[in-house]
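Grab a pencil and work through these exercises with the model open beside you. Try each task before you read its solution.

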Amino acid sequence: MIGIDVGGTFTDVIAVREGRIETRKVPATREAYLSVLEGAERADASRSSVLNHASTHGLNAIITRRLPKIAFLTTTGHRDLLDYARIWRPAEAAMDPSWRRSFSDVARPLVPRYLRRGVVERTQADGQLLVPLDEDQLRAELEVLRRCEVEGVAICFLNAFVNPTNEQVAQRIVREVLGDVACSISSETSPLARVYGRASTTVVDVIMKISYVAYNDHLTTGLEKIGFTGQLNYADSAATLVSADAAMRRPHRIVFSGPAAGTAACKHFGASIGDGELICVDVGGTSTDLSVVTGGAPYLNTTYELEHDLTVNSLSTSISTLGAGGGSIAWINDLGELRVGPDSAGGVPGPCCYGAGGTRPTITDACLLSGVLEADKFLGGEVPLHPDLAEAGFLSLETDGDLSRRVRDTWQLGVHNIAEGIVNLALAHGVNPVDYSLVAYGAAGPMLLPSVLDHLTVRRVVIPPHPGLFSALGLLTSDQVYSESRSAYTVLGADAVERVAELLAETEATLREQLVGVDPSAVTVTRSFDGRLYGQSWDTPFVEIPDGPVTEETVQTMIDRFHDTYERRNGTRFTTFPVEAVTFRVQAVVRTDKLTFEPLATRAATGGAPATSTTTVRHIYGDDVTATVVERPDLLSGDEIAGPAIVREAMSTTVVPPGRTVRVGRFGELVIS
């Protein structure tokens with residue numbers, strides 16, 4: 001098995017053969033598939049039967065607006081719904097009259113207004129056709145779009161999730177007039193209530209269909225050339241796997257996959273060490289991704305945002321992202337104050353010490369000058385570092401203070417930024433960090449996270465095996481998952497049995513069409529619904545529906561489980577209110593082979609002690625301190641090292657602050673408390 005995760009600075013590669021884990025890092029390239037192919041070739045993909053890939057290609061296309069020209073068709077009078085979105089402002093812009101959405105018509109729209117066309121038609125909320133589709137008017141609009149040379153069309157009519165007839169007819173006419181262009185309709189892509197979410201999801205789906213055609217073709221062709229003949233899977237936004245063919249049919253699912261893979265790895269590793277209460281912190285070169293695992297399961301959302309208010313209807317792991325990473329740039333604001341991030345040097349040109357043209361100092365430069373990183377052993381010696389360039393970068397800052405002060409403040413601000421992000425995450429999820437272990441991964445996580453212990457109280461910091469490539473490792477811990485969902489407002493009660501049974505049967509039938517050729521014995525089907533108290537405007541998601549035929553007892557159990565879930569999430573219970581189901585979900589989990597962690601030998605069984613040396617850590621602790629240095633491959637289960645200490649490995653470095661102790665766990669995890 002091979003897992004490949006594309007990050008902003010590096011592409012991480014994990015290969016597992018005969019129980020042995022092999023790791024590699026490849027510098028990220030502007031065309032992401034090139035670094036994926038290089039990583040696959042270095043991992044000798046011809047010897048593997050499965051390659052699981054977390055792609056950032058679609059996300060980068062949205063962020064940079066390197067987008068194909070597409071059109072948007074909607075019910076006449078509603079073409080500007082993509083501009084006004086949900087009319088939500090971020091808190092920091094609540095009093096700013098100049099604020100505009102990043103995708104608004106005055107900024108960088110995904111679909112320019114002249115390509116958003118209204119179509120005469122109207123379906124009522126109960127599914128009745130109020131105004132038939134005006135086919136002649138639609139053809140006239142499509143002639144305009146044909147002259148504009150659009151590459152794709154997104155169609156979202158009001159209430160199409162109840163009755164898709166008009167959308168289906170419109171899609172057929174699009175094929176007749178425009179030929180074989182990419183075309184998605186909301187009733188297939190996202191048959192859910194609330195028109196804006198359906199519309200934005202359908203637009204993103206069309207963009208991704210066009211963007212991923214060339215990417216997937218380049219990738220599959222390149223993999224064939226290096227001898228890979230196995231199964232290519234993409235990770236989705238919840239870090240579950242979907243085959244390449246299925247992913248290309250609904251590519252909006254795979255836009256935001258990388259960060260979720262790290263959470264999946266934490267969940268899997270937490271189960272191995274018997275810890276289900278985790279705060280997952282992935283500190284990479286560009287950003288820090290934060291998530292929470294409670295009771296052995298991550299928090300899931302029914303939607304996610306690519307930008308503020310740019311929503312996509314797809315199951316996703318709840319991730320918070322900070323502009324803090326190893327490549328975060330130190331800079332001076334207008335008041336003469338030192339700041340770190342959110343801008344990053346990325347992989348190109350990278351930190352000053354890379355010698356690739358970067359001139360602005362970063363946290364990585366601070367780590368090199370402090371002695372935490374070694375100039376000739378970075379990334380296993382593959383990337384030589386240049387301390388003189390790092391020093392020149394810090395000295396170029398227009399601020400008071402000598403070099404030591406600048407390096408120390410950069411380090412401390414980086415740690416503070418991450419600590420503040422962890423506190424905000426805990427508050428958002430209503431959890432107490434004291435009850436949670438902090439899992440530190442990403443290339444820079446083990447360097448920075450142990451120092452967070454000086455600023456907040458958590459149970460312990462855990463550095464898992466291969467922390468620098470842990471998200472890629474998460475791609476080898478997930479199952480293939482297929483899901484279908486549809487909205488249908490249904491007040492639950494004895495008279496709803498037939499309606500609920502019909503909805504679940506239709507949804508499951510659609511789902512099983514995707515499972516042709518899959519061994520039925522490897523499939524587990526689960527059902528759930530999103531519900532609300534009658535009259536509410538928000539939903540409580542993922543309420544489980546019992547297996548088996550739908551009976552009055554089934555519906556009563558759904559009601560009881562809704563009240564239980566609502567109470568867990570909100571702390572209150574209103575059993576006298578009717579319960580209204582909004583969205584019904586059916587999910588099929590196809591079990592796959594997964595990575596397992598092998599226990600380390602114990603020091604008691606082998607005797608001896610790990611080889612150690614010493615180094616001087618400068619700047620970051622004020623005075624110079626002498627730190628113990630040990631190579632992680634030399635450690636065995638049960639070993640303990642007192643700080644200050646540095647644990648080195650090929651793809652990451654762990655810093656143990658003074659006054660802390662690191663202990664090696666059963667599976668090689670480093671535990672700092």
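**Exercise 1: a domain span**

How far apart do the end C-alpha atoms of residues 198-481 lie, and what percentage of the span is helix and what percentage strand?

*Solution.* Before you start: this is a predicted model, where local features need pLDDT of at least 70 and side-chain atom pairs count only at pLDDT 80 or more, while totals for chains, interfaces and linings use all residues. Residues are numbered from 1 along each chain as its sequence is written, and side-chain values use heavy atoms, with hydrogens and water left out.

Step 1: find the two end C-alpha atoms; they lie 22 Å apart. Step 2: check the make-up of the span, which is 38% helix and 23% strand. Helices (H or I, at least four residues) and strands (E, at least two) are DSSP runs, numbered from the N terminus. Step 3: look up the label; an unreviewed UniProt entry gives residues 198-481 as "domain: Hydantoinase A/oxoprolinase". UniProt positions follow the numbering used here, feature names are shortened, and annotations may be inferred rather than shown by experiment.

**Exercise 2: ring pairs**

Classify the aromatic pair formed by Phe562 and Tyr566.

*Solution.* Step 1: get the rule straight. Rings of Phe, Tyr and Trp (its six-membered ring) pair if their centres lie within 6.5 Å; planes under 30 degrees apart count as stacked, over 60 as edge-to-face and the rest as tilted. By this rule the count comes to eleven aromatic pairs. Step 2: apply the rule to Phe562 and Tyr566, with 5.7 Å centre to centre and 40 degrees between the planes: that's tilted. Step 3: place the pair. Both residues sit in helix α16 (residues 552-570), four residues apart, about one turn of the helix. Step 4: check burial (buried means under 20% relative accessible area, exposed over 50%, partly exposed in between, with a 1.4 Å probe and protein chains only). Phe562 has 0%, so it is buried, and Tyr566 counts as buried at 6%.

Now try Phe574 and Phe577: their rings are 5.8 Å apart centre to centre with 80 degrees between the planes, making the pair edge-to-face. Phe574 is partly exposed at 33%, and Phe577 is partly exposed at 41%.

**Exercise 3: odd backbone spots**

Which kind of peptide bond joins Gly643 and Pro644, cis or trans?

*Solution.* Step 1: recall the background. Most residues other than glycine have a negative phi, and most peptide bonds are trans. Step 2: read omega, which is about 5 degrees for Gly643 and Pro644, a cis bond. Pro644 is found in the loop between β29 (640-642) and β30 (645-649). Step 3: look at Gly341 to Pro342, also a cis bond, with omega near 0 degrees. Pro342 belongs to strand β20 (residues 338-344).

Where does Asp44 lie?

*Solution.* Step 1: locate Asp44 in the loop between α1 (32-42) and β4 (50-54). Step 2: read its phi, which is positive at about 55 degrees although Asp44 is not a glycine. Step 3: check accessibility; at 29%, Asp44 is partly exposed. Step 4: do likewise for Arg65, whose phi is positive at about 60 degrees though it isn't a glycine. Arg65 sits in the loop between α2 (57-64) and β5 (70-75), and at 15% it counts as buried.
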